[in-house]
Amino acid sequence: MAEITPIAISIGSNIDRERCVPHAIRLLRRHQRINIDVVSRVFRSQAVGGTDDAPEFHNVAVAGTTDLTPEELRAELRQLEETMGRERSDDKNAPRKIDLDIAYYGDLEKDFGDWALPDPDIATEPHVVVPLADVAPDWVHPESGMTSYELLVNMPESRERVEPIMAIQLATPHHHRHASEFDFEARENEVYDPHFESLVQGMLVEVGEDPEREGLARTPLRVAKAMDFLTSGYTRNLEEVVNDAIFDAEGADEMVLVKDIEFYSLCEHHMLPFYGRAAVAYLPNKNIIGLSKIARIIDLYGRRLQVQERMTNQIADTVTEILEPHGVGVVLEGKHFCMMMRGVQKQDSSMITSSMRGTFKSDARTRQEFLDLVRS
Ligand code: ZN
């Protein structure tokens with residue numbers, strides 16, 4: 001297991017910045033080897049070294065952890081910049097869609113030739129230190145021995161040159177937070193995904209609400225967080241979910257059944273929840289899988305916009321693919337809010353879908369044994 005190192009990353013953009021900054025945050029948050037614990041407010045700053053009419057920047061810092069080496073992390077950030085359409089030119093001050101730089105990597109002090117850690121700009125550039133002090137006020141700059149918050153206080157001009165976009169009181173240092181569990185709550189002064197939040201705010205207006213009223217003030221942020229979690233299946237992959245939990249069957253040839261596994265998903269027609277219980281069975285050939293992994297495979301496909309039939313097939317195909325068993329059976333029984341919340345006499349209806357592969361399809365007795373076990 002590789003070392004886990006605390007990191008901070010500076011994000012900047014002055015082309016299409018309202019879209020690019022949140023997109024970069026989302027890509028980082030969904031990166032499998034980068035863990036983001038906290039995101040700063042969005043700040044605006046004048047472009048450095050550019051002409052007066054150069055578009056101003058939006059700057060954000062994020063802090064978290066990674067098991068990547070500094071070189072690997074930098075290469076990943078370059079890759080993300082490229083994905084987002086950054087074009088590098090010889091002009092170091094040219095406007096750009098996105099700039100992703102490592103601010104610090106633990107307490108590492110190292111010169112890599114054309115770059116260094118921590119980022120030398122931390123000590124001199126308000127647009128770097130202001131967002132950093134927002135997410136990691138207690139981080140100690142190795143060269144000066146000052147915390148990032150003290151560095152900020154020592155740059156008196158910084159508060160004029162770098163302002164938070166939202167009218168929130170500036171730089172009350174908050175403490176490190178670690179989101180070990182996913183947390184839908186809005187933390188004080190938190191910015192999660194400004195673009196998504198503004199879309200939710202628009203929805204609130206459309207349904208006849210006042211998005212400014214107290215009870216709704218942080219709702220867009222909570223919805224953005226909740227949706228990010230509820231659709232996280234799009235950015236996870238099977239390898240990560242299964243994670244070496246496949247074992248030699250050692251001659252086991254009896255049906256393996258896991259049932260009453262709770263699942264939750266969102267229907268793709270209405271984006272309303274459907275939920276229920278799943279049963280998954282297989283006849284081992286060479287391999288078996290840790291039981292908890294079956295539940296994680298179900299989540300992998302549940303946490304996206306779905307139809308129950310497809311989700312059932314995806315689970316069956318996945319178990320087939322990773323275990324190459326003699327056969328697989330999957331049954332999902334789901335209740336759909338889009339049916340339950342309207343009309344009468346539909347509240348209790350549930351939908352049952354099944355998917356059979358291999359001997360579960362070809363052999364009536366195997367299938368019947370499975371279905372009997374599911375019902376018992
Ligand atoms: Zn629906």
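Which residue stands opposite V62 in β4? The residue is I9, and the paragraphs below place this pair within the chain as a whole.

The structure is a predicted model, in which local features need pLDDT of at least 70 and side-chain atom pairs count only at pLDDT 80 or more, while totals for chains, interfaces and linings use all residues. Residues are numbered from 1 along each chain as its sequence is written, and side-chain values use heavy atoms, with hydrogens and water left out.

The protein chain has 13 helices and 15 strands, where helices (H or I, at least four residues) and strands (E, at least two) are DSSP runs numbered from the N terminus. Its C-alpha trace spans about 80 × 55 × 35 Å along the principal axes. An automatic or database domain assignment divides the chain into domain 1 (5-170) and domain 2 (244-375), and the centres of these two domains, taken over C-alpha atoms, are separated by 44 Å.

Of the 376 residues in the protein chain, 45% count as buried, a term that means under 20% relative accessible area, as against over 50% for exposed and partly exposed in between (1.4 Å probe, protein chains only). If contacts (heavy atoms within 4.5 Å) are taken between residues at least 6 apart in sequence, 69% of them join residues at least 24 apart.

Strand β4, which comprises residues 57-66, is a useful place to look in detail, since ten of its ten residues are buried. In a regular strand the side chains alternate between the two faces of the sheet. In β4 both faces are covered, with F57, N59, A61, A63 and T65 buried on one side and H58, V60, V62, G64 and T66 buried on the other.

The strands that pair with β4 can now be taken in turn, pairing being defined by at least two DSSP bridges between two strands. Strand β1 (residues 5-13) runs antiparallel to β4 and is joined to it by nine bridges; here I9 stands opposite V62, the pair with which this account opened. Strand β2 (residues 34-39) is likewise antiparallel to β4, with five bridges between them, and the bridge partner of I34 in β4 is T66. Three bridges join strand β3 (residues 43-45) to β4, again in an antiparallel arrangement, and in this case R44 stands opposite H58.
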